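I opened this notebook to record, step by step, what I looked up in a structure that was new to me. The entries follow the order in which I went through it.

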Amino acid sequence: MAEIQIKNVAKRFGSYQALHDINLTIQDQEFMVLLGASGCGKTTLLRIIAGLETASEGEVWIGGRRVDHLPPKDRGIAMVFQNYAVFPHLTVFENIGFGLRMQKLPNDEVKRRVERTAGLMHIDQLLGRYSGELSGGQRQRVAVARALAMEPDVILMDEPLSNLDALLRMEMRAELKGVLAESNTTAIYVTHDQVEAMSMADRISVMHQGKIVQAASPIEVYRNPAAEFVAGFIGNPPMNFLPATPSGDGKWTVAGQILDGPSRTTPLHFAIRPEDLRPADTGLAATVKVVEPLGAHLLVTCSVDGALFRAVLDSDLNVRRGDTLTLAPQPDRVRWFDPETTLAVA
Ligand code: ATP
């Protein structure tokens, strides 16, 4: 069992507070993604779990054992970092087997593990090559294979696909997800790429300014963002927002339209995803600013009541700059946020 518990972890660098009171449990064999913009504290949290950084406050537990006073090598983890250190003067075989040799495993066990993980990462044809001769993508696979060869209970990865081109990233994303699921490893994966997060994670922890704003399944984070920050960060393009004023009895005025909403008496923000809008006879009046045909659909950037508003519409729709569209939000997809707390309102 390799459940990871992060209890009340805070980190200060001098007077700068990089992490505030982080509490998070990662289940045994779960694939947890830490997602957030640059500087939000993802890497710092990962390094604290790894033991490369010391928390200013709080505890880290792995598999029921408190580990925050143990050196990295005694925590039962393997790591793959953005700037993966693959030794160019060693062969792929020697690179993958490096940690196993350090552990003084017998030769036949080293060979078995290297061949197995090289097979998983589809680099078994490269075992005799010097790593300095490999492409970036191949080297990246060697780094992952080396971590997997340790057969760790926990694997920590910091932007491990960042050096790959878009196509290879997409391929590796699926492969890595499959390999980790097969190897029963608990994984924490840091990225600022929301597509990577959505496609790979069992759960995503969305981080913002040193805090976890929401930890939930990808679909939950997408459909039911817990805070306005999450709604505006996840999704490409992200959710649209409009000010909403209460008009009595669960009715709201949004850009001159009356919509059903929560029973509240203070102003809220109305939010809707661009793909949850349809042209209709009644709805929000939108002036078209830009039309971008994206093949499968049209991305239409509009102005609604002076606010920027995007809709993802059917590619057959005949619409041009300057047109007026009436866009009806799909009622069960509308979300509401409290501008005071920025939190979602049920
Ligand atoms: P990125 O995606 O850019 O790697 P991140 O979310 O991983 O960002 P961190 O690297 O965890 O962010 O950094 C969080 C904050 O802490 C940043 O503002 C960073 O400047 C600061 N920070 C990180 N390490 C140190 C350090 N050793 N000394 C001082 N400040 C630091």
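The entries below cover the domains, the nonpolar core, one helix and the ligand.

**Entry 1, the domains.** I noted to begin with that this is a predicted model. I then looked up the domain assignment, which gives domain 1 (4-233) and domain 2 (271-345). Taken over C-alpha atoms, the centres of domain 1 and domain 2 are separated by 37 Å. For the contact between them, I found that seven residues of domain 1 meet six residues of domain 2. On the side of domain 1 that touches domain 2, I recorded five nonpolar residues, one polar and one charged.

**Entry 2, the core.** I next looked for the largest nonpolar core and found that it has 96 residues, with Val33, Ile49, Ala145, Ala147, Leu156 and Ile188 as the ones that have the most contacts inside it. Helix H5 (residues 136-149) gives the most to this core, with seven residues. I also wrote down that the core lies between domain 1 (4-233) and domain 2 (271-345), because both give residues to it. I followed one of the well-connected residues, Leu156, and, leaving out residues up to four places away in sequence, I listed Leu46, Ile49, Ala50, Ile77, Met79 and Ile188 as the residues that Leu156 touches.

**Entry 3, helix H5.** Since H5 gives the most to the core, I looked at this helix by itself. H5 has 14 residues and reaches 20 Å from its first C-alpha to its last, which is close to the 20 Å expected at 1.5 Å a residue. Is H5 mostly covered or mostly uncovered? I found H5 mostly covered, with 11 of its 14 residues buried. The buried residues of H5 include Arg139, Arg141 and Arg146 as well as Val142, Val144 and Leu148. Among the elements that cover these buried residues I noted strand S6 (77-80), helix H4 (107-120), strand S7 (154-158) and helix H6 (166-182). Just after H5, I saw that Glu151 takes a positive phi of about 45 degrees.

**Entry 4, the ligand.** Last, I asked which residues surround the ligand. I listed Phe13, Tyr16, Ala18, Gly36, Ser38, Gly39, Cys40, Gly41, Lys42, Thr43, Thr44 and His192. Strand S2 (16-26) and helix H1 (42-50) are the elements that give two or more residues to this shell, and the largest share, three residues, comes from H1. By residue type, I recorded the shell as four nonpolar, seven polar and one charged.

Terms used:
Residues are numbered from 1 along each chain as its sequence is written. This is a predicted model: local features need pLDDT of at least 70, side-chain atom pairs count only at pLDDT 80 or more; totals for chains, interfaces and linings use all residues. A residue is near a molecule or strand if its C-beta atom, placed from the backbone, lies within 6 Å of it. Helices (H or I, at least four residues) and strands (E, at least two) are DSSP runs, numbered from the N terminus. Ala, Val, Leu, Ile, Met, Phe, Trp, Tyr, Cys and Pro count as nonpolar, Asp, Glu, Lys and Arg as charged, and the others, Gly among them, as polar. A nonpolar core is a set of buried Ala, Val, Leu, Ile, Met, Phe, Trp, Tyr and Cys residues joined through C-beta atoms within 7 Å. A residue is buried if 20 or more other C-beta atoms lie within 10 Å of its own, exposed if 12 or fewer, and partly exposed in between; C-beta atoms are placed from the backbone. Domain bounds come from an automatic or database domain assignment. Two residues are in contact if their C-beta atoms, placed from the backbone, lie within 7 Å. The expected span of a helix is 1.5 Å times one less than its number of residues.
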